[in-house]
Amino acid sequence: MEIFAERLRELRAERNLSQRMLSNETGIPQSSIALWESGARVPAATAVVTLAKYFGVSTDFLLGLED
């Protein structure tokens, strides 16, 4: 899930969003976002879908299955 963590950080940085701002926008707890970005936890499928929709990318992209 290292690719997921990296891509999530990159997408957030591209939009100049803090973890808290992303949390407010998506309803995902900031603590979860922090754990995913550090690689300490793996997100649930529903969270991956939520983030993909928010950022306008595919779930395959977020998970590192496509470029």
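## Arg-7 in helix α1

Arg-7 has a relative accessible area of 13% and is therefore buried. The model described here is predicted, and the residue in question belongs to helix α1. Beyond its neighbours within four places in sequence, Arg-7 contacts Phe-61, Leu-62, Gly-64, Glu-66 and Asp-67. With one of these partners, Gly-64, Arg-7 is separated by 57 residues along the chain, yet the two C-alpha atoms lie 8.2 Å apart.

## The two sides of helix α4

Helix α4 spans residues 45-55, and its buried residues include Ala-47, Val-48, Leu-51, Ala-52 and Phe-55. These residues lie on the same side of α4, because the arc they cover around the axis is only 135 degrees. Ala-45, Thr-46 and Lys-53 are exposed and occupy the face of α4 turned away from the buried side.

The cover over the buried residues of α4 includes four helices: α1 (2-14), α2 (19-26), α3 (30-38) and α5 (59-63). After α4 comes Gly-56, with a positive phi near 70 degrees.

## Ala-47 within the buried side

Ala-47 is located in helix α4. Its relative accessibility is 11%, so Ala-47 counts as buried. When residues up to four places away in sequence are not counted, Ala-47 touches Ile-28 and Trp-36. The C-alpha atom of Ala-47 is 9.2 Å from that of Thr-26, a residue 21 positions away along the chain.

## Packing of α1 against α4

Two packed helices are described by the angle between their axes and the distance between the axes. For α1 and α4, the axes come within 11 Å and cross at roughly 35 degrees. This crossing of α1 and α4 is left-handed.

On the α1 side, the contact involves Phe-4, Leu-8, Leu-11 and Arg-12, which meet Val-48, Leu-51 and Phe-55 of α4. Sorted by class, the contact of α1 with α4 comprises 6 nonpolar, no polar and 1 charged residues. Val-48, Leu-51 and Phe-55, which take part in this contact, are also listed among the buried residues of α4.

## Packing of α2 against α4

The axes of α2 and α4 come within 11 Å and cross at roughly 100 degrees. The two helices, α2 and α4, are therefore roughly perpendicular to each other. Leu-22, Glu-25 and Thr-26 of α2 meet Thr-50, Leu-51, Tyr-54 and Phe-55 of α4. By class, the contact of α2 with α4 contains 4 nonpolar, 2 polar and 1 charged residues.

Leu-51 and Phe-55 of α4 thus appear in the contact with α2 and in the contact with α1.

## Packing of α1 against α3

Helices α1 and α3 pack at an angle of about 125 degrees, and their axes are 7 Å apart. This angle makes α1 oblique to α3. From α1, the contact is made by Phe-4, Ala-5, Leu-8, Arg-9 and Arg-12, and from α3 by Ile-33, Trp-36 and Glu-37. The contact of α1 with α3 divides into 5 nonpolar, no polar and 3 charged residues.

Phe-4, Leu-8 and Arg-12 of α1 participate in the contact with α3 and in the contact with α4. Trp-36, which takes part in the contact from α3, also touches Ala-47.

## The two sides of helix α2

In helix α2, Gln-19, Leu-22, Ser-23 and Thr-26 are buried. They are placed on the same side of α2, because they cover an arc of only 105 degrees around the axis. On the other side of α2, the exposed residues are Arg-20, Asn-24 and Glu-25. Glu-25, although exposed, takes part in the contact with α4.

Helices α1, α3 and α4 are among the elements that cover the buried residues of α2. Immediately after α2, Gly-27 adopts a positive phi of about 80 degrees.

## Asn-16 in the loop between α1 and α2

Most residues other than glycine have a negative phi, and most peptide bonds are trans. Asn-16 has a phi near 55 degrees, which is a positive value in a residue other than glycine. Asn-16 is situated in the loop between α1 and α2. The relative accessible area of Asn-16 is 66%, so this residue is exposed.

Note on methods: Residues are numbered from 1 along each chain as its sequence is written. This is a predicted model: local features need pLDDT of at least 70, side-chain atom pairs count only at pLDDT 80 or more; totals for chains, interfaces and linings use all residues. Side-chain values use heavy atoms; hydrogens and water are left out. Buried means under 20% relative accessible area, exposed over 50%, partly exposed in between (1.4 Å probe, protein chains only). The arc is that of the directions from the helix axis to the C-beta atoms. Contact means heavy atoms within 4.5 Å. Axes are lines fitted to C-alpha atoms, for helices over the stretch in contact, and angles run from 0 to 180 degrees between N-to-C directions. A crossing is left-handed if the near helix is turned anticlockwise from the far one by less than a right angle, and right-handed if clockwise. Ala, Val, Leu, Ile, Met, Phe, Trp, Tyr, Cys and Pro count as nonpolar, Asp, Glu, Lys and Arg as charged, and the others, Gly among them, as polar. Angles under 35 degrees count as roughly parallel, over 145 as roughly antiparallel, 65 to 115 as roughly perpendicular and the rest as oblique.
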